[in-house]
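I wanted to go through one sheet strand by strand and note who pairs with whom. My entries follow the model below.

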Amino acid sequence: ALAITADETSLGVATTYDGNTTTDGNYQGGTDAAADATDQAAGQTTATLTAADVANVFSTTTSAAGADGGSTGDPSYSLVFAGTDGAQVNGSWTSDGTEVDWLEISAGTSYAGVLTGTTTQVFLIEITASTGEINFTQFENLDHTTAAGASQGPESSQPYSDDYLTLDASQLSVQQSITLTDGDGDTTTATDTFDLGGNFRIGDD
């Protein structure tokens, strides 16, 4: 028998920041002055949950293989979308006043937030099926207001970068799947998932 258990409590949060086109932008997210200068101009637009961190969420248990013997295959990963195309992300996210809606780009692999009624991507979440690495790429600014779901805001003074929009639960999850094959070629597959809610956020820059 084969079983997988997911526990994402130690996974952490991956963060991007909205861009600021001024040379004295308010991004204050690190101690590296050169890196901060770059982020002030362009924003930090990509965040990653590494393959190792995602794999560590899952633990696998197997019972004795029995007389037929057996082997366990490599894990594979996919995104599980609980929403519907056209539903507003978080029920509230907007970009320059325009609603941001979910759009399936590739089933099980990539999902985007797009400007309502278009395919213009505001952000894209992608998973690598063989490793579990998840990338969040932001293409457009998101509105940071209380109405849009900012966790600390809107901010009235610097630094604005701690005014976060955080992905809510029950929208997008990660599934790990592993197949056990016995000596006769019989297979059994186990899966488990964890919710990506709380694992990606966008800071106001």
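How many bridges join strand 7 to strand 8? I looked this up in the model, which is predicted, and found two bridges, with the strands running antiparallel. One residue pair I noted here is T94 with its bridge partner E99 in strand 8. Strand 7 and strand 8 make a hairpin, and two residues lie between them. In that turn I read a positive phi of about 50 degrees for D96.

Next I went to the other partner of strand 8. Strand 8 covers residues 98–106 and pairs with strand 9, residues 110–115, over six bridges in the antiparallel sense. I wrote down two residue pairs. D101 is opposite V114 in strand 9, and W102 has G113 of strand 9 as its bridge partner. These two strands also form a hairpin, with three residues between them. G108 sits in the turn and has a positive phi of about 80 degrees.

Then I checked the whole sheet. The sheet is open and has six strands, ordered 3-11-10-9-8-7, with antiparallel pairing. Why is one side of strand 3 and of strand 7 left without a neighbour in the sheet? Strand 3 (46–49) and strand 7 (94–95) stand at the edges and have a single partner strand each, so one side of each has no neighbour there.

As a general reminder to myself, the strands of a sheet pair through backbone hydrogen bonds, in a parallel or antiparallel way.

Terms used. Residues are numbered from 1 along each chain as its sequence is written. This is a predicted model: local features need pLDDT of at least 70, side-chain atom pairs count only at pLDDT 80 or more; totals for chains, interfaces and linings use all residues. Side-chain values use heavy atoms; hydrogens and water are left out. Two strands pair if DSSP finds at least two bridges between them. Helices (H or I, at least four residues) and strands (E, at least two) are DSSP runs, numbered from the N terminus.
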